[in-house]
Amino acid sequence: MAAEQLTPSEYIAHHLTFFNRPVGQGGFWSFNVDSILVAAILGFVGIGFFWWVARGATSGVPSKRQAFVEIFFDFIDRQVSDIFHGNRHRFVAPLALTVGLWVLLMNAMDFLPADIMSWIAGVLGAPHGFRFVPTADVNTTFALALSVWLLMIGFAIRVKGPRGFVHELFCEPFGVGPFWAAPLMFFLNFAFNLVEYISKPLSHSLRLFGNMYAGEIIYLLLWMLASAGLVATAAAIVLGFAWSIFHILIVALQAYIFMMLTVVYINMAHESH
Amino acid sequence: MEKLQLIAMIQASTGIGIGLMIGLGALGACVGVGIMCSRFLEGAARQPELIPQLQGKVFLLLGLIDASFIIGLGIAMFFAFANPLLSSLGS
């Protein structure tokens, strides 16, 4: 990238190209190896750090590491207890901690400067593109949101029983009217529930993806502004600084929102109308 | 030359579409956030002891209200850099 002259769209395209490897025919059967690799590494590092600190935890005066982990844990526990009114310690609170921490770490990869990271990736053997923010890949956010969706349906079936789940799918919220209107009411209830069941994972995943992807694009556009002269470089520095500070808020906020919505959806699956 | 004209036409319409997507989305998001924050300020003035709780909820709702706008922004950026409407030209 040092010697050749890139056009603006080539520069952006280079930064938006995935490190993609096919395992079959067509575009569907291919893996974005970079997203999978970075997400796996961050998962092991993040959860591994918490596990390591919890293993060496003392009940006396805590060390700074242990205090940090305890503060994080208490924060998430309080948020989950505000929303979820069942036995949260068995599954929901650990799920919230895992999702919140993992998404926060994956979002935080956006803090690393893209040009330096892509140079490192080029040196290590991926010259055509290596995206290192997993949540800026729609596959990752959809994987997370679909997992939460499956959990939602699984919990609903377990709490209400399969018969109760199907009953709720077809007879809530409008109820079954008089006998002759039953097929129409089944259809209306099912359409209502279908909209709810489709819009939840869609909005859950696309909100996170849109924030991270748009953030990255705005970074790239601001840096390209610096190629238009000295005044434009000064403007790019100022705007880039402002956008970086705003992006720190967005990274933490979107991880928090993703975690809270996970708990809210699972709580809604436990309730009956 | 004919092909260049067609490409220019498609790009021009896409440009207008991108502007509308981002502009109208920003309009809706900002009005919504303004209404929500005005209610927060009202509530904070009535009951200052609830400010920490309300502030947490404000940030959560901020992210939810911005969601549609950011999704529209992502789609607009996608059209700006990898315009799928150009594929019908076979270019």
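Start by selecting A:Val103 and showing its surroundings: beyond its neighbours within four places in sequence, A:Val103 is in contact with A:Thr135, A:Ala255, A:Phe258 and A:Met259. Keep in mind as you click that this is a predicted model.

**The core around A:Val103**

Now widen the selection. A:Val103, A:Phe258 and A:Met259 are the residues with the most contacts inside the largest nonpolar core, which has 47 residues. To see where that core comes from, colour α2, α3 (64–83), α4, α6, α7 and α8 (230–270) of chain A, and add α2 (51–81) of chain B: each of these supplies at least two residues of the core. Which helix gives the largest share? That is α8(A), with 10 residues. As a general background note, nonpolar side chains tend to be buried together in soluble globular proteins.

**Along α8 to A:Val251**

Stay on helix α8 of chain A and pick A:Val251. Is A:Val251 buried or exposed? A:Val251 counts as buried, because 24 C-beta neighbours lie inside 10 Å, and the cut-off for buried is 20 or more. Show its partners next: leaving out residues up to four places away in sequence, A:Val251 touches A:Asn107, A:Ala108 and A:Asp110. Then draw a distance from A:Val251 to A:Phe111; the two are 140 residues apart along the chain, yet their C-alpha atoms are separated by 9.2 Å.

**Helix α2 of chain A**

Select residues 33–55 of chain A, which form helix α2. Place a distance between the C-alpha atoms at its two ends and you should read 32 Å. That agrees with the 33 Å that its 23 residues should span, because the estimate allows 1.5 Å a residue. Next, highlight the buried residues of α2(A): A:Asp34, A:Ser35, A:Val38, A:Ala39 and A:Leu42. What do these buried residues pack against? Their partners in chain A are β2 (30–32), α4 (92–108) and α6 (138–171).

**A loop stop at A:Phe18**

Go to the loop between α1 and β1 (20–22) of chain A, where you will find A:Phe18. A:Phe18 counts as partly exposed because it has 17 C-beta neighbours inside 10 Å. Show what A:Phe18 touches, again setting aside residues up to four places away in sequence: A:Asn32, A:Asp34, A:Gly129, A:Arg131 and A:Asp137. You have already met A:Asp34, one of the buried residues of α2(A). A further distance to draw runs from A:Phe18 to A:His128, which are 110 residues apart in sequence and 8.3 Å apart in space, C-alpha to C-alpha.

**A second loop, at A:Gly175**

Move to the loop between α6 and α7 (182–225) of chain A and select A:Gly175. Is A:Gly175 buried or exposed? A:Gly175 is exposed, because 9 other C-beta atoms lie within 10 Å and the limit for exposed is 12 or fewer. From there, look across to A:Phe186, 11 residues away in sequence and 8.4 Å away in space, C-alpha to C-alpha.

**Zoom out to chain A**

With all of chain A in view, you can trace 8 helices and 2 strands, arranged along the sequence as α-β-β-α-α-α-α-α-α-α. The C-alpha atoms of chain A fill a box of roughly 75 × 60 × 40 Å along the principal axes. Of the 273 residues of chain A, 24% count as buried.

**Over to chain B**

Select chain B, which has 2 helices and 0 strands. Chain B is more spread out than a compact globule, because its radius of gyration is 20 Å, well over the 12 Å that the globule rule gives for 91 residues. Its C-alpha atoms fill a box of roughly 70 × 15 × 10 Å along the principal axes. Buried residues make up 12% of chain B.

Now show where the chains meet: the contact takes 11 residues from chain B and 15 residues from chain A. On the chain B side, the residues divide into 9 nonpolar, 2 polar and no charged.

**Last stop: colour by confidence**

Finish by colouring on pLDDT. Chain A averages 87 and chain B averages 89; in chain A, 98% of the residues score at least 70. Among the elements of chain A, helix α1 (residues 8–15) has the lowest mean pLDDT, 77, and α4(A) the highest, 94. For the model, the scores are ipTM 0.77 and pTM 0.87.

Methods
Residues numbered from 1 in each chain as written. Chains lettered and ligands numbered in written order. Predicted model: local features only at pLDDT ≥ 70, side-chain atom pairs only at ≥ 80, totals over all residues. Helix = DSSP H or I, 4+ residues; strand = E, 2+ residues; numbered from the N terminus. Expected span 1.5 Å × (residues − 1). Contact = placed C-beta atoms within 7 Å. Nonpolar A, V, L, I, M, F, W, Y, C, P; charged D, E, K, R; others polar. Rg over C-alpha atoms; globule rule 2.2 N^0.38 Å. Core = buried A, V, L, I, M, F, W, Y, C linked by C-beta atoms within 7 Å. pLDDT = per-residue confidence, 0-100.
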